[in-house]
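This briefing has been prepared for a reader at the bench who has the sequence and the coordinates to hand. Its points are grouped by topic.

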Amino acid sequence: MARIVGLVGKANVGKSTFFAAATLKAVDIAGFPFTTITANKGVAYLRAPCVCKELGVEDDPVNSACIDGVRMVPVDIIDCPGIIRGAHQGKGLGNQFLDEVRRADALIVVADAAGATDENGQPVPAGSHDPVDDVRMLEEEFDLWLLGILRKDWEKIVRTAQSRREDIGVHLETKLTGLGMTRRHIASAVDNLGLNASMALNWSQDELSRFVTELRKSSKPLIVAANKADKDHAEEGIERLKQAGYEVIPTCAEAELVLRRATNAGFIRYTPGDRDFEIVEASKLSGGQRNALEIIREKVFNKWGSTGLQDVINSAFFRLLDNITVYPVEDAEKLTDHQGRVLPDCYVVPRGTTAREFAGHIHTELGESFIFAIDAKTKKRLGEGHKLNENDVIQIVAAKARR
Ligand SMILES: Nc1nc2c(ncn2[C@@H]2O[C@H](COP(=O)(O)OP(=O)(O)O)[C@@H](O)[C@H]2O)c(=O)[nH]1
Ligand SMILES: [Mg+2]
């Protein structure tokens with residue numbers, strides 16, 4: 001429902017460190033029923049202002065956590081295998097890489113901003129490799145792979161569409177659904193390029209290539225995590241990435257991992273996304289630990305404001321995927337579930353989700369037997385087609401009550 005974000009990039013940029021940090025429970029969350037965790041799929045958390053503040057109530061969260069009015073809401077992310085040149089021909093873990101990426105709805109491209117690793121992830125002097133190349137390689141490999149898939153059946157697809165006088169989108173969609181690409185993505189790619197879909201057989205190789213690139217951009221939007229921002233020469237790399245037109249956020253995955261571990265050990269107080277941390281009991285820390293924390297403060301917080309991880313995750317889910325947070329309740333007056341817990345859950349859903357679709361997200365039966373919804377803030381009745389807004393608190397009234 002909130003869709004999935006994939007962590008991608010070449011070897012040794014810090015993808016696994018990012019994944020470990022992002023999925024390390026920094027908060028206590030009772031249960032999150034609809035997530036299956038596999039080897040490289042995990043639960044990360046979005047940071048959102050909790051509606052409890054706005055409503056002036058004390059909440060009792062279940063599927064998420066509320067830390068001083070900040071909701072940490074679970075979302076799915078996957079750590080994809082490293083990509084190398086030639087991946088589209090199956091080089092390295094190419095096939096595995098593309099199999100993971102096809103599941104992702106948006107990508108966080110982790111890059112080595114310090115430019116201290118070459119194309120294959122081998123160490124080189126800092127500043128000697130341009131991180132822009134790494135993002136480009138990923139885009140190029142993906143595009144070549146997609147082009148290969150499309151070329152295979154291009155004539156057949158286009159001829160079928162033309163003979164039936166149907167839009168190519170209809171036939172392309174069947175071919176591309178497994179890649180997370182829909183008719184909407186196809187149509188927007190055609191439109192953005194000003195191509196004529198009914199003349200698709202006459203598209204030049206160049207037009208087909210540009211179509212593929214546009215399709216990737218609309219179906220797998222990306223943001224760059226300019227990682228290792230704590231290292232020398234990182235500013236240069238970050239500047240280059242920005243100049244190249246990418247949406248870039250400086251990150252320090254390693255620092256975030258240290259901070260979450262220190263939080264869990266009770267050494268510091270820190271909520272992911274905070275712009276500083278507080279040492280709880282300095283006497284508990286060894287000299288080395290205190291030193292490490294001071295370095296993080298100096299090289300990360302004083303320089304960049306935060307570790308950047310939370311900003312990247314939030315940007316991917318809220319901006320790239322245009323999701324909103326919505327709070328389901330079973331009693332719109334008391335704002336509770338059937339156990340009397342106030343604002344128990346917070347869901348991340350695409351903007352434009354209707355009241356009935358939201359009911360279906362909570363429980364299939366609830367969607368099927370939907371009668372109407374109640375906006376707990378205004379107490380107004382909402383019909384099935386009503387589009388929900390950010391931070392709505394919604395009661396679903398259905399024929400078959402959820403047990
Ligand atoms: N200085 C610095 N090193 C980092 C950072 N993130 C990861 N690393 C280091 O980079 C190396 C590669 O990290 P890893 O997560 O295994 O990269 P992956 O191959 O992309 O999954 C490891 O030695 C990490 O400790 C960071 O933000 N700053
Ligand atoms: Mg890794």
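The notes below cover the domains, the ligand shell, selected loop residues and one helix residue.

The structure is a predicted model. The protein is divided into domain 1 (4-130 + 222-317), domain 2 (137-215) and domain 3 (324-398). Ligand 1 has 15 residues around it, and the protein buries 73% of the 580 Å² that ligand 1 exposes when taken alone.

**Domain arrangement**

- Domain 1 is assigned in two segments, 4-130 and 222-317.
- Domain 2 spans 137-215, and domain 3 spans 324-398.
- Taken over C-alpha atoms, the centres of domain 2 and domain 3 are separated by 37 Å.

**Surroundings of ligand 1**

- Which residues come nearest to ligand 1? Of the 15 around the ligand, they are Asn12, Lys15, Thr17, Asp230 and Glu254.
- Asparagine 12 approaches through its backbone: a polar backbone atom of this residue is 2.8 Å from an oxygen atom of ligand 1.
- Threonine 17 has a polar side-chain atom 2.6 Å from an oxygen atom of ligand 1.
- Aspartate 230 has an N or O atom in its side chain that is 2.8 Å from a nitrogen atom of ligand 1.
- Two elements, α1 (15-23) and α9 (253-264), give two or more residues to the shell around ligand 1.
- The largest share of that shell comes from α1, with three residues.
- By class, the shell holds six charged, five polar and four nonpolar residues.

**Residues with positive phi**

- As background, most residues other than glycine have a negative phi.
- Histidine 233 has a positive phi, near 75 degrees.
- The position of histidine 233 is in the loop between β6 (222-227) and α8 (234-243).
- Histidine 233 counts as partly exposed because its relative accessibility is 34%, which lies between the limits of 20% and 50%.
- Aspartate 322 likewise has a positive phi, near 50 degrees.
- The loop that holds aspartate 322 runs between α11 (309-320) and β10 (323-329).
- Aspartate 322 has a relative accessibility of 34% and therefore counts as partly exposed.

**Threonine 307 and its neighbours**

- Threonine 307 is in the loop between α10 (287-304) and α11.
- Is threonine 307 buried or exposed? Its relative accessible area is 2%, so threonine 307 is buried, the cut-off being under 20%.
- The side chain of threonine 307 makes a polar contact of 2.6 Å with the side chain of glutamate 256.
- Beyond its neighbours within four places in sequence, threonine 307 is in contact with Pro250, Thr251, Cys252, Ala255, Glu256, Leu259, Tyr270, Val300 and Phe301.

**Threonine 263 and threonine 271**

- Threonine 263 is placed in helix α9, and at 17% relative accessibility this residue counts as buried.
- Leaving aside neighbours within four places in sequence, threonine 263 is in contact with Ile268 and Tyr270.
- Threonine 263 and valine 393 are 130 residues apart along the chain, and 31 Å separate their C-alpha atoms.
- Threonine 271 occupies the loop between β8 (268-269) and β9 (278-279).
- Threonine 271 counts as buried because its relative accessibility is 13%.
- When neighbours within four places in sequence are left aside, the contacts of threonine 271 are Arg47, Ile67 and Met72.

**The loop between α6 and α7**

- Alanine 197 is found in the loop between α6 and α7, and methionine 199 lies in the loop between α6 (183-193) and α7 (205-219).
- Neighbours within four places in sequence aside, alanine 197 is in contact with Ile168, Val190 and Trp203.
- How far apart are the C-alpha atoms of alanine 197 and aspartate 274, and what is their separation along the chain? They are 48 Å apart in space and 77 residues apart along the chain.
- Methionine 199 has a relative accessible area of 40% and is therefore partly exposed.
- Methionine 199 and leucine 176 are 23 residues apart in sequence, with a C-alpha to C-alpha distance of 20 Å.

Note on methods
Residues are numbered from 1 along each chain as its sequence is written. Chains are lettered from A and ligands numbered from 1 in the order in which they are written. This is a predicted model: local features need pLDDT of at least 70, side-chain atom pairs count only at pLDDT 80 or more; totals for chains, interfaces and linings use all residues. Side-chain values use heavy atoms; hydrogens and water are left out. Helices (H or I, at least four residues) and strands (E, at least two) are DSSP runs, numbered from the N terminus. Buried means under 20% relative accessible area, exposed over 50%, partly exposed in between (1.4 Å probe, protein chains only). A residue is near a molecule or strand if one of its heavy atoms lies within 4 Å of it. A polar contact is a pair of N or O atoms within 3.5 Å; within protein, one must be able to donate a hydrogen and the other to accept it, and residues adjacent in sequence count only if both atoms are side-chain atoms. Accessible areas come from the Shrake-Rupley method with a 1.4 Å probe; for residues, only the protein chains shown count as cover. Ala, Val, Leu, Ile, Met, Phe, Trp, Tyr, Cys and Pro count as nonpolar, Asp, Glu, Lys and Arg as charged, and the others, Gly among them, as polar. Contact means heavy atoms within 4.5 Å. Domain bounds come from an automatic or database domain assignment.
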